[in-house]
Amino acid sequence: MKVTYLEHSGFVIEDGKRAYVFDYWKDPAGVVDTLVAQGYELHIFISHVHGDHYVKSIFKYLPYIHSVWYHEDVPALRDACQQVQEIVNSNKTDDGSNVIVNRIKQGCPNQGQKMTEEHLTEELVQQVFSLHSMKVGDTVESDNLIVTMFGSTDEGGSFLVDTGTHRIFHAGDLNWWHWSGDTPENIAEAKALKEKEFAPLLGLSVDIMMFPVDARLEVAREWGALEVLGMMNTKLFIPMHANGPIWVPSDTFRHTYPNQRCWIPEQPGDAVEEVK
């Protein structure tokens with residue numbers, strides 16, 4: 001496997017000719033475009049609706065998308081339907097548009113040669129492009145993947161993806177959001193919420209974990225990571241959602257987890273290969 005950093009909390013993980021795209025927001029290095037040009041099939045994961053984790057422009061890649069997994073609050077189905085509708089109505093004949101129209105026709109074989117608006121139901125788009133709306137606690141098996149949605153301490157959820165050979169955890173906005181200048185009541189609430197949402201992770205083992213290490217939390221920047229790594233076994237820990245300077249593990253972190261393998265991307269397009 002190869003992991004490539006897109007931006008913020010966005011990553012692509014290559015697995016054969018599959019590319020698992022997590023929380024796409026920006027891709028200044030053009031990583032996804034390159035993979036599409038190389039013939040990869042895209043599997044999209046959207047943890048929540050925040051603008052730094054989801055933009056509907058991800059559906060410009062619809063011809064190459066084989067599945068989409070998203071928290072139920074994300075309007076992914078609506079946005080995908082709009083994209084399909086625009087392409088069908090435009091009568092474009094470029095390769096990508098033709099792929100979409102042909103996939104729709106294959107999914108609705110009785111509608112004849114002329115595609116009309118009445119055929120473009122949400123159910124059809126959801127089926128053809130394998131869109132999976134999920135809520136916390138759901139486990140869905142499809143497209144040779146087993147995907148479980150865990151909780152969040154903010155919006156949406158977090159993903160555990162079992163590919164059959166690897167287990168990948170993307171935390172979304174799941175973290176211990178301890179803001180030092182906040183009220184005692186809010187600080188206590190954040191701690192209680194963290195304890196509630198972290199609890200189901202106890203004992204899980206994963207190959208790759210992507211987890212927020214947010215500079216705005218200052219002294220508490222690592223608190224969530226320190227706790228979750230004590231609950232889960234992970235071969236490769238990847239910080240994300242930096243919102244500031246690149247994370248440098250503290251002495252406390254290094255002493256607590258001296259054998260933990262970490263990869264800390266510095267700029268979009270950075271990659272680590274051969275994740276065993």
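This tour moves from a sheet to two helices in a predicted model. Local features need pLDDT of at least 70, side-chain atom pairs count only at pLDDT 80 or more, and totals for chains, interfaces and linings use all residues. Residues are numbered from 1 along each chain as its sequence is written, and side-chain values use heavy atoms, with hydrogens and water left out.

**The sheet**

Select the seven strands of the open sheet. Their order is S6-S5-S4-S3-S2-S1-S13, with mixed pairing. (Strands are DSSP E runs of at least two residues, helices H or I runs of at least four, numbered from the N terminus; two strands pair if DSSP finds at least two bridges between them.) Now pick S6 (131–134) and S13 (271–272). These are the edges: each has a single partner strand, so one side of each lacks a neighbour in the sheet.

Next, S4 (residues 41–46) and S5 (residues 65–71). They run parallel, joined by five bridges. Click Leu42: its bridge partner in S5 is Ile65.

**Helix H2**

Select residues 76–90. Helix H2 lies across S4, S5 and S6, at about 155° to S6. (Axes are lines fitted to C-alpha atoms, for helices over the stretch in contact, meaning heavy atoms within 4.5 Å; angles run from 0 to 180 degrees between N-to-C directions.)

**Helix H5**

Jump to residues 184–198. Which residues of H5 are buried (under 20% relative accessible area, 1.4 Å probe, protein chains only)? They are Ala190, Lys194, Glu197 and Phe198. They cover an arc of only 95° around the axis, which puts them on the same side of H5. (The arc uses directions from the helix axis to the C-beta atoms.) The buried residues pack against strand S11 (205–212) and helix H6 (223–231). Turn to the other side: Pro184, Glu185, Glu189 and Lys196 are exposed (over 50%).
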